[in-house]
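Biologist: I'm new to reading protein models. Could you walk me through a pocket and then a sheet?

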Amino acid sequence: MPGMTMWSDPATPVDQVELRFGEGQDIKLLKNFSGATRFEDSLFLAADERCGIDRLSLEGSTWADHRCFQLSSLLHLAHPDDEADLEGLAVDEGWLWIVGSHARTRPKLGKKNEECIDLDELSDLNDTRPRCLLARIPLKQQGRQWLPVHQDGERRSGLVRQTKRGNALSKQLRKDPLLAPFTRIPAKEGGIDVEGIAVRGSRVALGLRGPVIRTHAVLLEMEIVSKKSGSLELVSPLAKRLLDLEGLGIRDLKRCGDDLLILAGPTVGLSGPCAIYRWVNWAQDPVQHERRVRLHRPEHLIDLPFGRGVDHPEGLALWPRADSEILVVCDSPSDERLDTARKILQADLFKLPL
């Protein structure tokens, strides 16, 4: 049909990487990873149904030695016992940055066809405040590994202060003329859903899975500085960029030098096309805080394989084995990539065009 995007055949992984979590680990964790980032011999992962950060360490050629770091021990959270819905991780200048979805959610439907649904319960949107999390945590070296810690010398962990209605970011979103209507809509139904973060100094970019505006994905950029206490403060209004990702939303971001790698996928909860794009020289494109929204067309690199109800690409991690390789971690992994007995998850390594 005229104007319809024709997706190419998905790329084939050049290798698979075993992520070993240990036999005592709850298998649910391995099915819910939504963000990833690598820093030297440490691989950090975020799951969207808990309030902690997981780390694997490189031991020889094996990723193992799993540890979980509870956010309540690293940050002063307003809602320490609630699910933070972590969606993105980034490392910059020795800091581990984390972001929650900032999303509203609706109760999940029953899986059985005959199960009745209470419409009053279904129409009750869950509180978004615990998901309004944007923070950074210092990384401290321990041998060849890196630990997220509450404080390392003068460096202290901190977050954009959480309030009764969310945080400073959610406040700006509620007042933004373009995005305000979407703050009242659940994630996965086209509402606000932050799913990626990239950082360069005080410049922070957040990728939105939703909404998609006239087939264009939304990238938010802002300047964030830290106070002496370690808490973070937004010192600029939101700058919005529209990205032509062929109708897809943003699932993850990774800064690669001056370039920005973008993992794109369906906005709603569907199995559908996924791809990686590259915004060349993103870091050299200055942020302009103005009422006009700029449209960008990142370079399409590769299409990714996905399954029907399984194997949804969710997280990216730069792979230093070669400058052009990247690790893709899937949510809802298929049985073929999940060893439930030994608690091993297979992630795919792809080669990107130079």
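Modeller: Sure! Keep in mind that this model is predicted. Let's begin with a pocket's lining and the strands behind it. In the second largest pocket, β18 gives the largest share of the lining, namely four residues.

Biologist: Which other strands each supply at least two residues of that lining?

Modeller: Besides β18 (249–256), they are β2 (33–39), β6 (86–92), β13 (193–200), β19 (259–265), β23 (312–319) and β24 (325–331).

Biologist: What volume does the second largest pocket have?

Modeller: About 540 Å³. It's lined by 30 residues, and the closest to its centre are K254, R255, C256, G257 and L318.

Biologist: How do the residues of that lining divide into nonpolar, polar and charged?

Modeller: Sort each residue into its class, then count. Here you get 18 nonpolar residues, nine charged and three polar.

Biologist: Okay, now the sheet. In what order do the strands of the open four-stranded sheet come?

Modeller: To read a sheet, step across from strand to strand. This one goes β18-β19-β20-β22, and the pairing is antiparallel. At the edges sit β18 and β22 (299–304), each with pairing on one side only. On average, neighbouring strands here are turned by 20° against each other, if you ignore direction.

Biologist: How many bridges join β19 to β20?

Modeller: Five, with β20 covering residues 274–279 and the two strands running antiparallel. For one spot to look at, find L263: I276 in β20 stands opposite.

Biologist: So β18 turns up in both stories!

Modeller: Yes: β18 supplies four residues to the pocket lining, and β18 is also an edge strand of the sheet.

Definitions and conventions:
Residues are numbered from 1 along each chain as its sequence is written. This is a predicted model: local features need pLDDT of at least 70, side-chain atom pairs count only at pLDDT 80 or more; totals for chains, interfaces and linings use all residues. Side-chain values use heavy atoms; hydrogens and water are left out. On a 1 Å grid over the protein atoms alone, a cavity is a set of points where a 1.4 Å probe fits but cannot get out, and a pocket is an open set with protein on both sides within 12 Å along at least five of seven lines; lining residues have an atom within 4 Å of a point. Grid points are joined across faces, edges and corners, and a volume is the space filled by probe spheres set on the points. Ala, Val, Leu, Ile, Met, Phe, Trp, Tyr, Cys and Pro count as nonpolar, Asp, Glu, Lys and Arg as charged, and the others, Gly among them, as polar. Two strands pair if DSSP finds at least two bridges between them. Axes are lines fitted to C-alpha atoms, for helices over the stretch in contact, and angles run from 0 to 180 degrees between N-to-C directions.
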